Structure formats: C-alpha cells, structure tokens
Amino acid sequence: MSARPSRQELEAGNDDFCKHLLAFVKKHHPKGKSALTEVGAKSLTCFLYLYSVVCQDNPLSLHAKASSEVPVGAGLGSSAALAVSLSAALWRCFHGQPASIEQVDRLAHLSELIVHGPKASGIDTYVSSHGGVVSLKRESGGQCQRLVC
C-alpha cells in the first residue's frame, strides 16, 4: 500500500492509498462485503484515514460509534459534521489536548476530499469547525471567511 496522500494529491484525485483502504474495508468487514453500503465504506475509510494521520506511530485501540438522524446525501453537511467531530476526538485522544480549530478544519477537509473528491470546497468543514455564518470567495482560491453579524 502506498503512503498516505497529501492534501494536494487528494485534491488532484491521486488517492491510490484511499482506494486500497476502501477495498480493504470492503474485503474485511466483519459482517461481510454485502453488509457494507458504499456510504458506510467511505465513512469507515475516512475514519481510518484520519486515524492514520492523527495517531502517526502511536496506535491505540478504540471503539467509536456515530449515529445521525440527518438523511445521507441531503446536502446538509452531515459528512462534514462527522469529519469535524472525529478529527477533534481523535486529536484529543492521541495528543491529550484539544486541537486548534484550524487543525480540526484541515483534518476534516482531508476526510471530505476522500468522500467527495476534488469538488469538496471546504465550506462545510469550515462551518462545522468554526461555526457562525461563512462566506466562500471563489476568486481568492476558495478561501472561507467567517462573517461577523
């Protein structure tokens, strides 16, 4: 398996690592390949990717469970909210202290790139990690800016 892709590689669609990880997840799921939906497989792949980025060389055994009443694919940013929650929780677990909002946002966006590919703008993870009302300026390279209301 290749090394973890960088943000630039994920944004460019060069995600062989994630493709291998997704294939591994599907092959070795305890309830069998047919019990895992495509969304579930991508969610688990995102978790494992975040785990590998945050834990680096200090793996821990964990039990994680997430549930939501927000419909999948409804465009409500539920995958970003999950990515932000997982990023913050994993960081605290492995580093013993909270991550900065910027660290959480960066990690969560990496996860979103796995799920949504290069079209992930970063606005959903920005809103989920920073809160408030946000403006996305495409002419400045897709930079998000928190608006003070």
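Start with the whole protein chain. Of its contacts between residues at least 6 apart in sequence, 47% join residues at least 24 apart. Keep in mind that this is a predicted model.

Color by secondary structure. The protein chain has 6 helices and 2 strands. Read from the N terminus, the order is α-α-α-α-α-α-β-β.

Now switch on the surface. The protein chain exposes about 9300 Å², and carbon and sulfur atoms supply 53% of that area. Buried residues account for 34% of the 149 residues.

Next, select residues 38-55, helix H3. What span should its 18 residues have at 1.5 Å a residue? The expected figure is 26 Å, and the end C-alpha atoms lie 25 Å apart, so the two agree.

Stay on H3 and show side chains. Its buried residues include Ala41, Thr45, Cys46 and Phe47. Further along, Tyr49, Leu50, Tyr51, Ser52, Val53, Val54 and Cys55 are also among the buried residues of H3. Step just past the helix to Gln56, which takes a positive phi of about 55°.

Move on to two helices together: H5, residues 101-116, and H6, residues 123-130. Their axes come within 9 Å and cross at roughly 145°. The crossing of H5 past H6 is right-handed.

Select the residues that make this contact:

- From H5: Ile101, Glu102, Val104, Asp105, Ala108, His109 and Glu112.
- From H6: Thr125, Tyr126, Ser129 and His130.

Color this set by class. The contact of H5 with H6 has 4 nonpolar, 4 polar and 3 charged residues.

Technical notes. Residues numbered from 1 in each chain as written. Predicted model: local features only at pLDDT ≥ 70, side-chain atom pairs only at ≥ 80, totals over all residues. Heavy atoms only, no water. Axes fitted to C-alpha atoms, helices over the stretch in contact; angles between N-to-C directions. Helix = DSSP H or I, 4+ residues; strand = E, 2+ residues; numbered from the N terminus. Left-handed = near helix turned anticlockwise from the far one by under 90°. Contact = heavy atoms within 4.5 Å. Nonpolar A, V, L, I, M, F, W, Y, C, P; charged D, E, K, R; others polar. Expected span 1.5 Å × (residues − 1). Buried < 20%, exposed > 50% of the residue type's maximum accessible area, 1.4 Å probe, protein only. Areas by Shrake-Rupley, 256 points an atom, 1.4 Å probe, with all protein chains shown as cover.
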